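Dear colleague,

Please find below the structure that I am handing over to you. I would be grateful if you could look through it alongside the notes that come after it.

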Amino acid sequence: MTGRPIRVAFILPNLDAGGAQRVMITLMRHLDPAAIKPVLIALSTDGVLANRIPPTVERIDLGRPRLARAAPAVLRSLRRSGCDAVVSSIWHVNALTAAHRAVAGRPFTVLREANMPDRVSDAVPWWMFPRAVYRWLYPRADALIASSALMARALGRVAPAARNRITVLPNPVDVSALRDRAMPPRREPGSGRRFVAVGRLHRQKGFDRLLPLMDDLDPEDRLTVIGDGRQRADLEALRDSRGLGDRVRLHPRTDRPEPWIAGADALILPSRWEGLPNVALEALALGTPVIASRESGAIGEIADAAATGAVTIVSCGPEMIAAMRRVLPGDPGTPRACLLPDAFEARAVAAAFEALIRRGLDCRARHGERTVGGASADRSGGDT
């Protein structure tokens, strides 16, 4: 491959504003074009993030939003693209990518885990055999990416044969672009504290246990929840039944939540489970402190790396109410100083990803080995 960039296929189901999509797109945007040429293979290019794909990225739009119908086209595109490596992130796409690697023996295959494996196993229908996929198909990949040490340990438990192939690679955050999109910050008018929560309206995100907490805050305090999903009607009914119609706003999903996050006094993360919550990283990049539930995945790893006070971790109940009460209201005209630890900056993560791909391809070229190996992958992933 000397003299030309490494062609890497990124497989996505769509360009919706999900965490996995944002991670993959941010990664594509920050790879060194002289080293890696990204090729986007999308089941559908519909979605609010479509305008964030760089024009230099080669796109293959399969026009088949459902994987069951798109699977043959995905496999044909992989063969025809001439890519040296392929990366996927969402579980059902990972299963297909790993199966292709097991049958075809190529290209170099990287699976990025987007959520905690035990939660995925509980959520995926039984007839898709999620535990078997983790145990038998995931080890067929050449490398596995976990966004946190917590997730790496969990992935090692469900895919023990792949433990020495798991690498911890944080979610990348494009700080400069985020701060540009946040201008000017937005907040509900009036006095009082302004809180924001962002995510799918789904039980995982815990908004149904956040809304009742507003009963115990000052009447002037306001909460804006940004997102769409199956829980919208239930959340609207919960809000209205508690008389919170003028204090809680359910804002539709948008490709620009950044102004609301930058304008808030704190981001609230009441999740029941997470992997590595992107929205917490983005809030910190915008200088907005985070109050998160203890169940919010690897939020503790973010808190350990961030400045003291940037992330508050509490139980979702009286402890969260007390933390919200301690927030001081403000009205920033610009995003506050960045609170994000350097390890999550997009260029640093992209450089680590490039090194992972290059190391794996070089290892395969020299020895015909199908695993990345090496001390760092071994140290990051395994349980002892």
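The notes below concern one helix, its contact with another helix, and a pocket.

Please bear in mind that this is a predicted model.

Helix H11 covers residues 278–285, and eight of its eight residues are buried, so the helix is largely enclosed by the rest of the structure. The buried residues are Asn-278, Val-279, Ala-280, Leu-281, Glu-282, Ala-283, Leu-284 and Ala-285. After H11 comes Gly-287, which has a positive phi, near 80°.

Helix H1 (residues 19–30) is a partner of H11: their axes come within 10 Å and cross at roughly 55°. Because angles from 35 to 65 degrees fall outside the parallel and perpendicular classes, H1 counts as oblique to H11. On the H1 side, the residues in contact are Gly-19, Arg-22 and Val-23, and these meet Asn-278, Val-279 and Glu-282 of H11. Sorted by class, this contact comprises two nonpolar, two polar and two charged residues.

The second largest pocket has a volume of about 230 Å³. It is lined by 16 residues, of which Arg-22, Thr-26, Arg-52, Asp-174 and Arg-181 are the closest to its centre. H1, H11 and helix H7 (175–181) each supply at least two residues of this lining, and H1 gives the most, with six. By class, the lining holds seven nonpolar, three polar and six charged residues. Arg-22 thus appears twice in these notes, in the contact of H1 with H11 and among the residues closest to the centre of the pocket.

With kind regards

Methods
Residues numbered from 1 in each chain as written. Predicted model: local features only at pLDDT ≥ 70, side-chain atom pairs only at ≥ 80, totals over all residues. Heavy atoms only, no water. Buried < 20%, exposed > 50% of the residue type's maximum accessible area, 1.4 Å probe, protein only. Helix = DSSP H or I, 4+ residues; strand = E, 2+ residues; numbered from the N terminus. Axes fitted to C-alpha atoms, helices over the stretch in contact; angles between N-to-C directions. Parallel < 35°, antiparallel > 145°, perpendicular 65-115°, else oblique. Contact = heavy atoms within 4.5 Å. Nonpolar A, V, L, I, M, F, W, Y, C, P; charged D, E, K, R; others polar. 1 Å grid on protein atoms, 1.4 Å probe; cavity = no way out; pocket = protein on both sides within 12 Å on 5 of 7 lines; lining within 4 Å. Points joined across faces, edges and corners; volume = space filled by probe spheres on them.
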